[in-house]
Amino acid sequence: MDITRLYSLFTAHPAVTTDSRRITPGSLFFALRGPSFNGNDFASQALHDGCAAVVVDDPAVVPPHDERYVLVPDVLGALQALAREHRRHFSGTVLQVTGTNGKTTTKELLRAVLSTTYNVLATEGNLNNHIGVPLTLLRLTAAHEVAIIETGANHPGEIAALTDIVRPDMALITSVGHAHIEGFGSFEGVKRTKGELYDYIATVPEAIIFLNASDADLTAMAAERGLTTPDGRSRSQDAASRAVTYATTGSHADADVVGSVAGTTPLLTMCWQQRGGSVHEVQTQLFGLYNLTNLLSAIAVGTHFGISAQAVSNALAAYVPTLGRSELRHTAHNTLICDAYNANPTSMHAALDSFAAVAHPHKMVILGDMRELGADSHSEHRAVVRQLQGTGCEEAWLVGAELERALQAEGEPQGVRVRTFADADAVRQTLAETPVAGHCILIKGSNSTRLHTLPPML
């Protein structure tokens, strides 16, 4: 594959599409393959609909002497190579974000803060995989000053592969927790894979990390790679350190930014300060004590980029979550805490802990199964059932076979009325027959359980 020729074509037609149903005139169509489709079959239609050229890997679809067809060994590899080359030409700052929990919310908080001062490109939604990351990078223009690239993984080696494309100047791992155990094999596998981002940073002398110094696992991972001093001192304290640190108040007093929870109503109010600076209070529009470190990471990044404390606080206060991530909704009948975009044991326990702190006379949870936990699935679902007893809930609706099996093993939590449902459709049918009103309801489960379809019924 001639990357020089491909990049020259891209600079002449700097718009890329992989969906033949959504063609932008003058764009380049990359004919990706999938389990149930072959983009090569739609190359000619893409040209008919206005594409300037198509990138294909099936010689059979290429007509003789038609230079609009670019034949490559592998279309996905060509897309990734093009993104890597385009990143090489970008002179701004690239910040890569990954983590078990909180990476999309953190990315959006970072976008909100940095956009007060800089022209920012950030990953849209959660397009954080081997296709979404290159497509995001290919949206970079000379006008952008900062790129925030979210990267996800569920198997070893994936973060390393994405990082090789992103080539970040800065990195932030939000957390390491128990998720995708089926793919990673163990919690140690999770840490090794997320740590692939630190591995890359360690090879680039001027690159830095933003480190949650309250997290013992992340702190150890950074120290193992020489990104912090042995005593965890931050970049501003010690030239040998390559970390800008943030922490919860009392856990790491020497961090560059520290913060604490000032209240939950149930939305989170937090206080923060830079080392030796004044205290700032922010009333956020986020639910969940677990969002404190996500907020602190955005503060650490924003202040490192020279944004004023007031501008940082204003941006965080104005941020409104979407897509069912720590989102508070008031309907005509109930107060909903929608955190149903995804779930794993770490995020599920954190959400239930936060819900336990919510003061409301009628509390209820609707929880869905957690996916990709492998051999740990049964024990992890049983732990969720046990935790229900301490949440102050009157009622719990459990959706999915794993939670039903866990309930049978654990028994019904004392003081909690529990109902089980096969799937979200069964929940919707029950809600249509017997509406729920006057409750504060936490909704959380893996995306595939489709609990995000329930709020219109509540």
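Start by selecting strands S11 and S12 (residues 243-248) in this predicted model. The two pair in the parallel sense, over 4 bridges. To find one spot where they meet, click on Ile209: its bridge partner in S12 is Ala243.

Now keep S11 lit up and add strand S10 (residues 170-173). S10 and S11 also pair in the parallel sense, here over 3 bridges. Ile209 turns up again, as the bridge partner of Ala171.

Next, look at S11 by itself, residues 208-212. How many of its 5 residues are buried? The count is 5, so to speak a full house. Show the side chains and check each face in turn. In a regular strand, side chains alternate between the two faces of the sheet. On one side of S11 you'll see Ile208, Phe210 and Asn212, and on the other Ile209 and Leu211, with both faces covered.

Time to move on to another part of the chain. Select Asp339, in the loop between strand S17 (335-338) and helix H13 (345-356). Is Asp339 buried or exposed? Its relative accessibility is 8%, and because the cut-off for buried is under 20%, Asp339 counts as buried.

Zoom in on the side chain of Asp339 and look for two polar neighbours. One is the side chain of Lys444, in a polar contact at 3.2 Å. The other is the backbone nitrogen of Ser326, which lies 3.1 Å from a polar atom of the Asp339 side chain.

Last stop: show what else touches Asp339. Leaving aside residues up to four places away in sequence, the contacts include Tyr290, Gly324, Arg325, Ala351, Ile443 and Gly445.

Technical notes: Residues numbered from 1 in each chain as written. Predicted model: local features only at pLDDT ≥ 70, side-chain atom pairs only at ≥ 80, totals over all residues. Heavy atoms only, no water. Buried < 20%, exposed > 50% of the residue type's maximum accessible area, 1.4 Å probe, protein only. Polar contact = N/O pair within 3.5 Å; in protein donor to acceptor, adjacent residues only side chain to side chain. Contact = heavy atoms within 4.5 Å. Pairing = 2+ DSSP bridges.
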